[in-house]
Amino acid sequence: MADTSLFERGMATRRAVLGDGHVDKATARTTALDDAFQTFITEGAWGSVWSRPGLSKRERSMITLALLAGLGHEEEFAMHVRATVNTGATAEDIKELLMHVAIYAGVPAANSAYKIAKHELAQREETAR
């Protein structure tokens with residue numbers, strides 16, 4: 001059973017970071033198979049962890065990007081690069097965090113992530129024109 005306040009806080013944070021469009025699409029795709037999972041990530045990731053005091057959304061964004069890049073979760077990495085427009089993490093932040101990924105998680109992981117980041121940031125610039 002969902003904790004309504006935790007879910008609501010999580011949904012607000014999720015929308016603030018990922019944007020309404022992304023969250024609306026994810027919500028629309030929810031089925032009986034993954035509804036409990038969607039509640040779990042909304043409450044756990046967004047309602048608990050991302051909503052905690054102590055780190056800014058920018059700092060959490062950078063940590064998340066480094067972890068996703070290091071673990072090779074390319075689709076989620078791309079999504080969180082797109083979300084940096086809402087978190088305040090910059091292209092320079094991404095450049096620097098991926099240098100850390102290269103040292104601590106490996107050059108191949110960082111190389112793949114740089115490719116994705118370049119693509120996503122170029123898409124953002126193109127859209128802004």
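Which residues have the most contacts inside the largest nonpolar core? That is where I should like to begin this morning. The structure before you is a predicted model, and everything I report is computed from it. The core in question has 19 residues, and those with the most contacts inside it are Phe77, Val81, Ile94, Leu98 and Val101. Four elements give two or more residues to this core: helix H4, residues 57–71; helix H5, residues 74–87; helix H6, residues 91–104; and helix H7, residues 107–128. The largest share, six residues, comes from H7. Apart from this core lies another, of eight residues, including Leu18, Val23, Trp46 and Met79. As general background, nonpolar side chains in soluble globular proteins tend to be buried together.

Let me now step back to the chain as a whole. The protein chain has seven helices and zero strands, so the order of elements from the N terminus reads α-α-α-α-α-α-α, with the helices numbered by the definition used here. For 129 residues, a compact globule would have a radius of gyration near 14 Å, and the 15 Å of this chain agrees with that. The C-alpha trace spans about 40 × 35 × 30 Å along its principal axes. Of the 129 residues, 36% count as buried. Among contacts with a separation of 6 or more, 67% are accounted for by residues 24 or more positions apart.

I turn next to individual residues, beginning with valine 81, one of those named for the core. Setting aside neighbours within four places in sequence, valine 81 is in contact with Leu65, Ile94, Ala117, Glu120, Leu121 and Arg124.

Threonine 84 also lies in helix H5. Is threonine 84 buried or exposed? With a relative accessible area of 2%, threonine 84 is buried, because the cut-off for that term is under 20%. Not counting residues up to four places away in sequence, threonine 84 touches Ser61, Leu65, Ala89, Ile94 and Arg124. Its C-alpha atom lies 19 Å from that of leucine 71, a residue 13 positions away in sequence.

Histidine 80 has its place in helix H5 too. Histidine 80 is buried, with a relative accessible area of 4%. Beyond its neighbours within four places in sequence, histidine 80 is in contact with Leu18, Trp46, Trp50, Ser61, Thr64, Leu65 and Leu68.

Histidine 80 brings us to the pockets. The largest pocket holds about 610 Å³ of space. Of the 23 residues that line this pocket, the closest to its centre are Ile41, Trp46, Glu76, Met79 and His80. Helix H1, residues 4–18, helix H2, residues 20–28, helix H3, residues 35–49, H4 and H5 each give two or more residues to the lining. H3 provides the largest share, six residues. By class, the lining has eleven nonpolar, five polar and seven charged residues.

The second largest pocket holds about 150 Å³ of space. Its lining is made of Leu18, His22, Met79, Arg82, Ala83, Val85, Asn86, Glu120, Gln123 and Arg124. H5 and H7 each supply at least two of these residues, and the largest share, five residues, comes from H5. By class, this lining has four nonpolar, three polar and three charged residues. Two of its residues, Glu120 and Arg124, are also among the contacts of valine 81.

Finally, I should like to consider two residues of helix H4. Arginine 60 is found in that helix. What is its relative accessibility, and how is arginine 60 classed? The value is 9%, and arginine 60 therefore counts as buried. Leaving aside neighbours within four places in sequence, arginine 60 is in contact with Val49, Trp50, Arg52, Pro53 and Leu55. The C-alpha atoms of arginine 60 and tryptophan 50 are separated by 7.1 Å, with the two residues ten apart along the chain.

Methionine 62 likewise has its place in helix H4. Not counting residues up to four places away in sequence, methionine 62 touches Ala89, Asp93 and Leu97. Between the C-alpha atoms of methionine 62 and threonine 4, which are 58 residues apart along the chain, the separation is 28 Å.

To close, I return to the core with which I began: 19 residues, drawing its largest share from H7. Thank you for your attention.

Methods
Residues numbered from 1 in each chain as written. Predicted model: local features only at pLDDT ≥ 70, side-chain atom pairs only at ≥ 80, totals over all residues. Heavy atoms only, no water. Core = buried A, V, L, I, M, F, W, Y, C linked by side-chain atoms within 4.5 Å. Buried < 20%, exposed > 50% of the residue type's maximum accessible area, 1.4 Å probe, protein only. Contact = heavy atoms within 4.5 Å. 1 Å grid on protein atoms, 1.4 Å probe; cavity = no way out; pocket = protein on both sides within 12 Å on 5 of 7 lines; lining within 4 Å. Points joined across faces, edges and corners; volume = space filled by probe spheres on them. Nonpolar A, V, L, I, M, F, W, Y, C, P; charged D, E, K, R; others polar. Rg over C-alpha atoms; globule rule 2.2 N^0.38 Å.
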